[in-house]
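Grab a pencil and work through a few exercises on the model below. Each one sets a task and then walks through a solution.

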Amino acid sequence: MTGLNFDIRPMVSNDLGRIAKIETELFPDPWPMQSFRDSLKNPTGGGFVATSGNRSGESIIGYCLYLHAPGETTLTNIAVRKKYQKMKVGVSLLKTLEDEALQNGSDMVLLEARESNETAILFYESKGYYKIYKRKNYYNSPRESAVVMAHIINSGISSESAPEPLKV
Ligand SMILES: CC(C)(COP(=O)(O)OP(=O)(O)OC[C@H]1O[C@@H](n2cnc3c(N)ncnc32)[C@H](O)[C@@H]1OP(=O)(O)O)[C@@H](O)C(=O)NCCC(=O)NCCS
């Protein structure tokens, strides 16, 4: 147990100002506000926020966004404010997203991460995600390749339907 009390709830447009601020603290190439707006407005998309606080005010300490497609859900963004990292906020957001994906009929969750983002890759691997593909020079500022990762959430799908692990 971390001792940190927090809740997870669906993201609403009113949250986006605070989320965009956290985003700039954490990423070298932060999503612009419009990307958050578009993502939340997308009928196949949505997000969740982790909040802590009391009656005097709620603060957003983490968030994630997703897009559903037939059979799969893509985690498009996830972040936890620095001082709340390593307290299980990220894994709670990820589990909430996976439940949402299962309810939507997804067999797997996909995501991409910067190749150098070891913390994120270790985080995903610790939760059953594996590398399936490398997208060369995918990111800007700085230019860098992406690793695409997958996690099968529907144990009922056949092994042929699961993406092959990346050969290293
Ligand atoms: C990646 C991120 C969301 C993880 O969130 P978090 O709340 O810190 O992670 P959790 O506390 O839920 O960690 C769950 C598990 O992930 C692994 N993990 C998390 N951070 C780790 C780190 N720095 N090093 C190694 N393993 C780590 C551990 O196995 C951990 O379990 P443990 O606490 O029992 O050891 C967070 O580090 C973050 O916001 N990073 C900056 C933004 C970012 O890079 N987002 C991902 C973009 S692809």
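**Exercise 1: Two aromatic residues**

Phe-123 sits in helix α4, where helices (H or I, at least four residues) and strands (E, at least two) are DSSP runs numbered from the N terminus. Before going on, note that this is a predicted model: local features need pLDDT of at least 70, side-chain atom pairs count only at pLDDT 80 or more, and totals for chains, interfaces and linings use all residues. Residue numbers start from 1 along each chain as its sequence is written.

Task: work out whether Phe-123 is buried, exposed or partly exposed, then place Trp-31 in the chain.

Step 1. Get the cut-offs straight: a residue is buried if 20 or more other C-beta atoms lie within 10 Å of its own, exposed if 12 or fewer, and partly exposed in between, with C-beta atoms placed from the backbone.

Step 2. Phe-123 counts as partly exposed because it has 19 C-beta neighbours inside 10 Å. Its C-alpha atom is 8.5 Å from that of Gly-90, 33 residues apart along the chain.

Step 3. Trp-31 belongs to the loop between α1 and α2. With 18 other C-beta atoms within 10 Å, Trp-31 is partly exposed.

Step 4. Now for company: leaving out residues up to four places away in sequence, Trp-31 touches Glu-23, Phe-36 and Asn-77, contact meaning C-beta atoms, placed from the backbone, within 7 Å. Trp-31 and Ala-20 are 11 residues apart in sequence, with 7.4 Å between their C-alpha atoms.

**Exercise 2: The sheet**

Task: trace the strand order and find the edge strands.

Step 1. Strands count as paired if DSSP finds at least two bridges between them. By that rule, 7 strands make an open sheet with mixed pairing, in the order β1-β2-β3-β4-β5-β7-β6.

Step 2. The edges are β1 (7–10) and β6, each of which pairs on one side only. From one strand to the next, the twist averages 30 degrees; axes are lines fitted to C-alpha atoms, for helices over the stretch in contact, and angles run from 0 to 180 degrees between N-to-C directions.

Step 3. Start at the β1 end: β1 and β2 are antiparallel and share 4 bridges, and Ile-8 stands opposite Ala-50 in β2.

Step 4. Move to the other end. β5 and β7 run antiparallel with 7 bridges, and Val-109 faces His-151 in β7. β6 (residues 130–139) and β7 are also antiparallel, over 6 bridges, with Tyr-133 opposite Val-148 in β7.

Step 5. Add a helix: α1 (residues 16–26) lies across β3 and β4 and runs at about 85 degrees to β3. Helix α2 (residues 33–41) packs on the sheet too, touching β2, β3 and β4, and its direction makes about 110 degrees with that of β2.

**Exercise 3: Odd backbone angles**

Task: which residue is joined to Pro-142 by a cis peptide bond, and what is the phi of Asn-137?

Step 1. Look at the hairpin of β6 and β7, which has 4 residues between the strands. The cis bond links Ser-141 to Pro-142, with omega about -5 degrees, and Pro-142 is in the loop between β6 and β7.

Step 2. Ser-141 is in that loop as well. Ser-141 has a positive phi of about 50 degrees although it is not a glycine, and it is exposed, with 9 C-beta neighbours inside 10 Å.

Step 3. Asn-137, in strand β6, has a positive phi near 50 degrees. Asn-137 is exposed, having 9 other C-beta atoms within 10 Å.

**Exercise 4: Core and ligand shell**

Task: find the best-connected residues of the largest nonpolar core and the helix that gives the largest share of the ligand shell.

Step 1. A nonpolar core is a set of buried Ala, Val, Leu, Ile, Met, Phe, Trp, Tyr and Cys residues joined through C-beta atoms within 7 Å. The largest has 31 residues, and Tyr-63, Cys-64, Leu-93 and Leu-97 have the most contacts inside it.

Step 2. Leu-93 touches Ile-8, Phe-48, Ala-50, Gly-62, Cys-64 and Ile-78, not counting residues up to four places away in sequence.

Step 3. Around the ligand there are 18 residues, the closest being Gln-85, Gly-90, Val-91, Ala-113 and Ser-126; a residue is near if its C-beta atom, placed from the backbone, lies within 6 Å. The largest share, 5 residues, comes from α4.

Key: Contact = placed C-beta atoms within 7 Å.
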